[in-house]
Amino acid sequence: MNTGLNLRYGNDNAVITDNIVENSFPFQGGGNNEDNNGNGILVSGNNVRIENNTVKQVGFNGIHFIGNDITIKNNLIQQFCLLKNDCGGIYTFGG
């Protein structure tokens, strides 16, 4: 009901491939109450690879990443930002 795949802290060298994430944060009040909630895939770390995933119908970002040396390719992202704004299909913010 909140985030499909949540690798929020220190996930260096993660490989995220061939997943299907659908209906993450599908309605108001269904998720937690912080900025980084409601993503299809959220990953924080260095040297991360995100490939060949399908992310559909999410309330916030399709794929949100934080870190260095991130590879994101060949992902299908449809219907994102359904409930929140200032978001995107693929999104990052360094703050």
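Q: Where is the place of N74, given the strands β8 and β9?
A: In this predicted model, N74 lies in the loop between β8 (70-73) and β9 (76-78).

Q: Why is N74 called exposed or buried?
A: The relative accessible area of N74 is 57%, and exposed requires a value over 50%, so N74 is called exposed.

Q: What makes the phi of N74 worth a remark?
A: Phi of N74 is near 55°, a positive value in a residue other than glycine. Most residues other than glycine have a negative phi. A positive phi is also found at C81, where the angle is near 60°, and C81 sits in the loop between β9 and β10 (90-92).

Q: Why is C81 placed in its accessibility class?
A: C81 has a relative accessible area of 25%, and because partly exposed covers the values between under 20% and over 50%, C81 is called partly exposed.

Q: Why is E51 called buried or exposed?
A: E51, which is found in strand β5 (residues 48-51), has a relative accessible area of 11%; buried means under 20%, so E51 is called buried. Not counting residues up to four places away in sequence, E51 touches several residues, among them I16, T71 and N74.

Q: Which residues have the most contacts inside the largest nonpolar core?
A: They are I41, V43, V48, I50, V55 and I63, in a core of 13 residues, to which β4 (41-44), β5, β6 (54-58) and β7 (63-66) each supply at least two residues. Leaving aside neighbours within four places in sequence, V55 is in contact with residues including I41, I63 and L76.

Methods:
Residues numbered from 1 in each chain as written. Predicted model: local features only at pLDDT ≥ 70, side-chain atom pairs only at ≥ 80, totals over all residues. Heavy atoms only, no water. Helix = DSSP H or I, 4+ residues; strand = E, 2+ residues; numbered from the N terminus. Buried < 20%, exposed > 50% of the residue type's maximum accessible area, 1.4 Å probe, protein only. Contact = heavy atoms within 4.5 Å. Core = buried A, V, L, I, M, F, W, Y, C linked by side-chain atoms within 4.5 Å.
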